[in-house]
Amino acid sequence: MNSVFSRRSFISGAASMAAFGPFFQQEISSRRNAPIGGSRGPQENSLKEMASRHGILYGAAATKTHLSSDKDFAASFVEQCALLVPEVELKWDVLRPEPDSFNFQPADWLHNFAEKNQMKFRGHPLVWFQSLPKWFDSFATPQNTRKLMLNHISTVVGHYAGKTHSWDVVNEALDPNEKRPDGLRSKPWVDLIGPDYIDDAFHAAAQADPKALLVWNENHLETREDWAQAKRDRLIQNLKLRLGRGVPIQAIGLQSHLPGTSPTFNNPQFVSFLKTITDLGLKVIVSEMDIIDSDLPADVGNRDQIVANVYLNYLSTVLPLCRVPAVLTWGISNRYSWISAYKPRKDNSQARPLPLDANLQPSPALAAITRAFEEADGH
Ligand code: G3I
């Protein structure tokens, strides 16, 4: 056992906190500089168990294809996760083979898998500009699209009503590069329905399932760049406007596909954004977290430490500032990650963005995530 941060050492650290406040701070910061180990037994300290001790549901995205064909992967998923979000099965291109039909079979399989294994189920996404079916462009018009969207939401949310933890009602609705004053992405939903499609979508979801937490899910809210700040500003502007007129937006989803090259996240702009979200009464779901390692060093040990530190730095910023009911990674094992296909490394080595390695063994990232859970209580 070479873990530098076993649970026992954390508990003794925590116990000493009350008596030795400054000592504890020092201990935390020295632990931060030490390598993050990955040698806990997964059964003993699974992510879901460590998260739940702090009031957080831990989960991940997965596909029916992988969970149904790879028994070892499925067992690891169940061992680590308390929440499952379908990676593709609830997207329009899978769910809507024709304008007037629904194919719930793959998503139902995942819903049953979650239920059978005592996991909660999360829905992603109801209204997104990507992964639309081939028929959409020629079928959708300004005359029929509002009805099409509302029917989609009431049917899909209604199908899982009372059995869903949360729904990403709108996903990636912002694109400040377009320079619309409201910051919204125009294609296709604003062009076809108008900017109030967002209000309509949230109202329809609330009506179809009053129990599910309704989320506005966004990418690129986490980084320092000016365009990320523009996105944060436009999101706050939209939230104030829409919450002010009673739109039932209940949480923000921070996708959190984090650049491995980002050293810290506690910059004043991001911190102030998170405080504003909390002041608006909204919860925060860390909805799709992983670390993009395409530009990190080839050496696996070095790369894993950098990835682990990014997880720790990021969660250590977000968790203490927000009400975070759930943290999800976009996949659980490096065996299956979108990053391998979408952000491949130049040296062609396998991406290492997730808490379990390709052999389903805990990576240093797993220890980093659990350490962040231990340091901040969820709400
Ligand atoms: O459905 C076909 C399947 O029949 C075929 O065998 C396979 C072979 O290539 O392709 C399958 O569809 C692909 C699907 O993933 C399942 O693997 C799609 O072409 C591909 O576009 C799709 O990519 C997904 C992407 O969203 C687009 O929907 C990624 O897996 C998924 O990780 C990614 O997830 C997004 C979130 O929804 C939103 N935030 C960003 C995140 C990462 O891009």
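These are my notebook entries on a predicted model of a protein with a ligand.

**Entry: overall layout**

I began with the whole chain, where I found 16 helices and 9 strands. Of the 379 residues in the protein, 56% are buried. I then looked at how contacts are spread along the sequence: taking those between residues at least 6 apart, 79% join residues that are at least 24 apart. For the surface, I noted an accessible area of about 15600 Å², with 51% of it belonging to carbon and sulfur atoms.

**Entry: the ligand and its surroundings**

Next I turned to the ligand and asked which of the residues around it come nearest. There are 14 residues around the ligand, and the nearest are Glu87, Lys91, His124, Ser131 and Glu288. I looked up individual polar pairs and noted that the side chain of Glu288 places a polar atom 2.6 Å from a nitrogen atom of the ligand. For Glu172, a polar side-chain atom lies 3.2 Å from a nitrogen atom of the ligand. On the side of the ligand oxygens, one such atom is 2.7 Å from an N or O atom in the side chain of His124. I recorded that the ligand taken alone exposes 800 Å², and that the protein buries 51% of that area.

**Entry: backbone at the ligand residues**

I returned to two of these residues to check their backbone. His124 is joined to Pro125 by a cis peptide bond, with omega near -20°, and Pro125 sits in the loop between strand 3 (120-123) and helix 8 (136-139). Glu172, which is not a glycine, nevertheless has a positive phi of about 55°; this residue belongs to the loop between strand 4 (166-171) and helix 10. I count Glu172 as buried because its relative accessible area is 9%, under the 20% cut-off.

**Entry: other unusual backbone values**

A cis peptide bond also runs from Lys187 to Pro188, with omega near -10°, and here the proline is found within helix 10 (residues 186-193). I also looked at His220, a residue other than glycine whose phi is positive, near 55°. His220 is in the loop between strand 5 and helix 12. Is His220 buried, exposed or partly exposed? At 38% relative accessibility, His220 counts as partly exposed, since that value falls between the cut-offs of 20% and 50%.

**Entry: helix 12**

From that loop I moved on to helix 12, which covers residues 226-244. Its 19 residues reach 27 Å from the first C-alpha to the last, close to the 27 Å expected at 1.5 Å a residue. I listed its buried residues as Ala228, Lys231, Arg232, Leu235, Ile236, Asn238, Leu239 and Arg242. An α-helix has 3.6 residues a turn, so residues three or four places apart point the same way. I then asked which elements the buried residues of helix 12 pack against, and found helix 11 (197-208), strand 5 (213-218), strand 6 (251-254) and helix 13 (268-279). After helix 12 comes Gly246, with a positive phi near 80°.

**Entry: helix 14**

I examined helix 14 (residues 300-321) in the same manner, and its 22 residues reach 32 Å from first C-alpha to last, close to the 32 Å expected at 1.5 Å a residue. The buried residues of helix 14 include Arg303, Asp304, Tyr311 and Tyr314, along with Val307, Leu315 and Val318. At the N-terminal end of helix 14, Asp299 acts as a cap, with a side-chain oxygen 3.4 Å from the backbone nitrogen of Gly301.

**Entry: Ser363**

I looked up Ser363, which lies in the loop between helix 15 (338-342) and helix 16 (364-375). I count Ser363 as buried because its relative accessible area is 7%, and its side chain reaches the backbone oxygen of Leu354 at 3.1 Å.

**Entry: cysteines**

Last, I asked how many disulfides there are. The count comes to 0 disulfides, with sulfur atoms required to lie within 2.5 Å of each other. Two cysteines that I looked up are buried: Cys81 has 1% relative accessibility, and Cys322 has 2%.

Conventions:
Residues are numbered from 1 along each chain as its sequence is written. This is a predicted model: local features need pLDDT of at least 70, side-chain atom pairs count only at pLDDT 80 or more; totals for chains, interfaces and linings use all residues. Side-chain values use heavy atoms; hydrogens and water are left out. Helices (H or I, at least four residues) and strands (E, at least two) are DSSP runs, numbered from the N terminus. The expected span of a helix is 1.5 Å times one less than its number of residues. Buried means under 20% relative accessible area, exposed over 50%, partly exposed in between (1.4 Å probe, protein chains only). Contact means heavy atoms within 4.5 Å. A residue is near a molecule or strand if one of its heavy atoms lies within 4 Å of it. A polar contact is a pair of N or O atoms within 3.5 Å; within protein, one must be able to donate a hydrogen and the other to accept it, and residues adjacent in sequence count only if both atoms are side-chain atoms. Accessible areas come from the Shrake-Rupley method with a 1.4 Å probe; for residues, only the protein chains shown count as cover.
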